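Q: Please give me a close look at one strand of this model. Then follow the pairing and the side chains outward from there.

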Amino acid sequence: MGRWQRVGEQPRLLVPVFSALFAVALVLGAFGIPIVSSQGLYIRSHFISGTIPTTPEDPTWDKVPPLTLPLSGQVITRPVWPEPAARALTVRSVHNGTDIAFWLEWQDNTKNDRLTPGTFRDGVAIGLPLGEAPAFFCMGQLDHYINIWHWKADWQSDVDRRAARSTERKAEGEVRRFEVIPRRASSVEDLIGGGFSTLTSKQSQGRVQGKATWKDGVWRVVIRRPLASTDFENEATLQPGRLQAIAFAVWNGENKERNGQKAVAPWFQLSMDPVSQL
């Protein structure tokens, strides 16, 4: 009789376990942290014919299914950052056999696109390992380097203001306003990392381009690069039909996030569609 009582008790014992799991799911949902299944481990870069979309507003992105990734704090090295502002990052990706682009979206109630003493910028980064073996997702590691594409909100502001100035026409009698705007090859810095405190900006910039908009407390950023590599030692290899490890990071300037103080999404798999022959 005792044996049958123990067997019968097992379903009752599972009730509090499932109740606890359900409560955890509710808490994560309240904070905007999605529950990721095994299917979410793969980020698909969809093949499209024609020109790659270069702006977040391009209607092409509406046809691409989004994937929302949970973000967590960086707690591997000091100073640890267990409570980042961003909790989730939505990703879309397309390629046309020649170029690849990523559409990234996250909530940020304040727009921080200027650097002044005591203030910090918003940003997002994509990390891709150099070689077959994934490196440490934050900054890489010795002999396992990582190629980082770091979009910076203040660099985007520089690029946009310079573009606006080039189209301005001086009205008759108007006093020209003097403003020093840095010349940027892109709003995305192309970097190599081999561990903490080893981050190096590549000498040649501009291969990776970015475009962003901030509206109603949401950043939307497009980052793109030609697929073909011109520097095999220092540039991530991206080939249609091949699985590629990929990681992400987000910085919220209003939350004083910079350097290793950030939200991170560790290694996922980027699955690039083969080039269609149609």
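A: One term comes up throughout. A residue is buried when its relative accessible area is under 20%, exposed when over 50%, and partly exposed in between. The model is predicted.

Start with strand β7, residues 146-152. This strand is mostly covered, with 7 of its 7 residues buried. Look at how the side chains are split. Ile-146, Ile-148, His-150 and Lys-152 point one way. Asn-147, Trp-149 and Trp-151 point the other way. Both sets are buried. That includes Lys-152, His-150 and Asn-147.

Now the partners of β7. Strand β6, residues 123-129, pairs with β7 in the antiparallel sense over 7 bridges. Within that pairing, Trp-149 of β7 stands opposite Ile-126. Strand β8, residues 188-193, also pairs with β7 in the antiparallel sense, here over 6 bridges. There Ile-146 stands opposite Gly-193 of β8.

Move to β8 and its charged side chain. Asp-190 meets Lys-202 in a salt bridge, at 3.1 Å from N to O. Asp-190 lies in β8 and Lys-202 in the loop between β9 (200-201) and β10, so the pair ties together parts that are 12 residues apart in sequence. How covered are the two ends? Asp-190 has 2% relative accessibility, so it counts as buried. Lys-202 has 13%, so it is buried as well.

Next comes β10, residues 209-215. Lys-211 forms a salt bridge with Asp-160, with the closest N and O atoms 3.0 Å apart. Lys-211 sits in β10 and Asp-160 in helix α2 (residues 153-167), so this pair ties together parts that are 51 residues apart in sequence. Lys-211 is partly exposed, with a relative accessible area of 30%. Asp-160 is partly exposed too, at 28%. Contrast this with the buried ends of the other salt bridge, Asp-190 and Lys-202.

Lys-211 also has a place in the strand pairing. Its bridge partner in β11 is Val-222. β10 and β11 run antiparallel and are joined by 7 bridges. They form a hairpin with 2 residues between the strands. Asp-216 is in that loop. This residue has a positive phi of about 55° although it is not a glycine. Asp-216 is exposed, with a relative accessible area of 68%.

A second backbone of this kind turns up at Lys-256. Its phi is positive, about 60°, and it is not a glycine. Lys-256 belongs to the loop between β12 (243-251) and β13 (263-272). At 45% relative accessibility, it counts as partly exposed.

Back to β11, residues 218-226. Its other partner here is β5, residues 99-107. The two run antiparallel and are joined by 9 bridges. Leu-104 has Val-221 of β11 as its bridge partner.

Just before β5 in sequence is a residue worth a stop. His-95 lies in strand β4, residues 88-95. His-95 is buried, with a relative accessible area of 0%. A polar atom of its side chain lies 3.1 Å from the backbone nitrogen of Gly-97. Beyond its neighbours within four places in sequence, His-95 touches many residues, including Ser-45, His-46, Phe-47, Ile-100, Leu-227, Met-272 and Asp-273.

At the surface, look at Tyr-42. This residue is in strand β1, residues 42-47. It is partly exposed, at 44% relative accessibility. With Leu-41 and Leu-243, Tyr-42 makes a nonpolar surface patch of about 290 Å².

Other charge pairs deserve a glance. Lys-111 forms a salt bridge with Asp-113, and the closest N and O atoms are 3.8 Å apart. Lys-111 is partly exposed at 42%, whereas Asp-113, at 18%, counts as buried. Asp-158, Arg-161 and Arg-184 are linked in a network of salt bridges. The structure holds 11 salt bridges.

Finally, set the strand in the whole chain. The protein chain has 2 helices and 13 strands. Of its 278 residues, 41% count as buried. Among contacts with a separation of 6 or more, 68% join residues 24 or more positions apart. The accessible surface comes to about 15,800 Å², and 55% of that belongs to carbon and sulfur atoms.

Key. Residues numbered from 1 in each chain as written. Predicted model: local features only at pLDDT ≥ 70, side-chain atom pairs only at ≥ 80, totals over all residues. Heavy atoms only, no water. Patch = residues over 30% accessible without salt bridge, like charges linked within 9 Å, V, L, I, M, F, W, Y side chains within 5 Å. Areas by Shrake-Rupley, 256 points an atom, 1.4 Å probe, with all protein chains shown as cover. Salt bridge = Lys/Arg side-chain N within 4 Å of Asp/Glu carboxyl O. Helix = DSSP H or I, 4+ residues; strand = E, 2+ residues; numbered from the N terminus. Buried < 20%, exposed > 50% of the residue type's maximum accessible area, 1.4 Å probe, protein only. Pairing = 2+ DSSP bridges. Polar contact = N/O pair within 3.5 Å; in protein donor to acceptor, adjacent residues only side chain to side chain. Contact = heavy atoms within 4.5 Å.
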